[in-house]
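Biologist: Please take one part of this model and look at it closely. I would like the ligand site and its metals, described in one connected account.

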Amino acid sequence: MTDEHDWEATAGVARRAAQAGGRIIASSFPTPDGTGVDHEPRLRIKDHKSYNLVTETDEASEAAIVAVIQDAFPDHAILAEEGHARTSDAEHLWIIDPLDGTNNFAHGIEHCAVSIAYRYRGATRVAVVHNPLRDDWYEARQGQGATWNGWPIHVTDAASLDEVLVGVGFYYDRGRMMQATLAAIGDLFAKQIHGIRRFGTAALDLCFVASGRFGAFFEYRLAPWDFAAGSLIVEEAGGVVTRADGRALTLDAGSVLAAPRAIYDQILPVIQARMHEFGL
Ligand code: IPD
Ligand code: CA
Ligand code: CA
């Protein structure tokens, strides 16, 4: 396979895989009348030092997504949150978060997503982030722009931090990382931002930057499946995505800062300073 690869076909597989995972999420989500739903979701604490949750739906969604991809491309590698092979340097690599926003899902909040990125030779070529509870689709292909439900999207053209909302995430850490994040939020309010939003689904936070609703998003710790798809969507919508200290984003980055260039240049010093101060 070469760089003239059939991206349309690959995007079609990504979409079908996201739909398969999304159906599972939507069908296990609580409805107001309580019908047709197997809820309470069975929760497990993944990491006992924190509050990192997983439900049976995360695992079922992942199995459905992986089945679609493996059926189409049996020789491609998979890096998926809930346990499929942890390869990250394969020529053809699919990076999957089968349910981003598990905490929202587990508490009946309709803000969660399936996130799927396809990488070829170390670069993300195709990205899909799908919120099945709103039937929202954010998609991008390298060099071809980003869309929301088929409509082209672009980052905000606001020129200054005092014109925008900033999205933030806390990972599951309740220690230094949270202190650094809270300190950075204080600094941003001092710069007269319109407000902070912590919506709890990093893949969608990045799509909110891509569609101009957030002027910036940052989080001091994220895993590749949280940002692989969303970062291409931001870049294809005209934004900049790096680590929170300004270094280039790689799969093992650990942190993310995303914004349009003008806002990025203003927010980076704040986010970077608190990161260094708290030894992150
Ligand atoms: C989490 C969400 C959350 C972010 C955490 C992630 P999960 O992913 O994206 O917004 O703050 O850092 O781990 O566990 O719901 O897939
Ligand atoms: Ca996630
Ligand atoms: Ca997840």
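Modeller: Start with the spacing of one metal site. Along the sequence, the donor residues of the calcium ion (ligand 3) run E-x15-D-x1-L. This is a predicted model. The protein donors behind that pattern are Glu81 (OE), Asp97 (OD), Asp97 (OD) and Leu99 (O). They lie 2.2 to 3.2 Å from the calcium ion (ligand 3). Aspartate 97 and leucine 99 are both buried.

Aspartate 97 also leads to the second metal. It bridges the calcium ion (ligand 3) and the calcium ion (ligand 2). The two ions are 3.7 Å apart.

Now the calcium ion (ligand 2). Its protein donors are Asp97 (OD), Asp100 (OD) and Asp226 (OD). These sit 2.1 to 2.3 Å from the ion. Their spacing along the chain is D-x2-D-x125-D. Aspartate 100 belongs to strand β4 (residues 92-100), and aspartate 226 belongs to helix α6 (residues 224-236), so the pair ties together parts that are 126 residues apart in sequence. Both of these aspartates, 100 and 226, are buried.

Next comes ligand 1. Asp100, a donor to the calcium ion (ligand 2), is also among the closest residues to ligand 1. The others named as closest are Gly101, Tyr172, Gly200 and Glu219. In total, 18 residues surround ligand 1. They divide into six nonpolar, five polar and seven charged. Strand β4 gives the most to this shell, with three residues.

Three polar contacts can be listed for the oxygen atoms of ligand 1:

- Glutamate 219 places a polar side-chain atom 2.5 Å from an oxygen atom of ligand 1.
- Threonine 102 has a polar backbone atom 2.9 Å from an oxygen atom of ligand 1.
- Arginine 198 has a polar side-chain atom 3.2 Å from an oxygen atom of ligand 1.

Cover by the protein comes next. On its own, ligand 1 has 370 Å² of accessible area, and the protein covers 96% of that.

Last, the placement within the chain. Domain 1 (7-152) and domain 2 (161-277) both contribute residues to the shell, so ligand 1 lies between them.

To recap the links: aspartate 97 bridges the two calcium ions. Asp100 is a donor to the calcium ion (ligand 2) and one of the residues closest to ligand 1.

Technical notes: Residues are numbered from 1 along each chain as its sequence is written. Chains are lettered from A and ligands numbered from 1 in the order in which they are written. This is a predicted model: local features need pLDDT of at least 70, side-chain atom pairs count only at pLDDT 80 or more; totals for chains, interfaces and linings use all residues. Side-chain values use heavy atoms; hydrogens and water are left out. Donors are N, O and S atoms within 2.8 Å of the metal (3.2 Å for Na, K and Ca); water is not among the atoms, so sites may look incomplete. Helices (H or I, at least four residues) and strands (E, at least two) are DSSP runs, numbered from the N terminus. Buried means under 20% relative accessible area, exposed over 50%, partly exposed in between (1.4 Å probe, protein chains only). A residue is near a molecule or strand if one of its heavy atoms lies within 4 Å of it. A polar contact is a pair of N or O atoms within 3.5 Å; within protein, one must be able to donate a hydrogen and the other to accept it, and residues adjacent in sequence count only if both atoms are side-chain atoms. Accessible areas come from the Shrake-Rupley method with a 1.4 Å probe; for residues, only the protein chains shown count as cover. Ala, Val, Leu, Ile, Met, Phe, Trp, Tyr, Cys and Pro count as nonpolar, Asp, Glu, Lys and Arg as charged, and the others, Gly among them, as polar. Domain bounds come from an automatic or database domain assignment.
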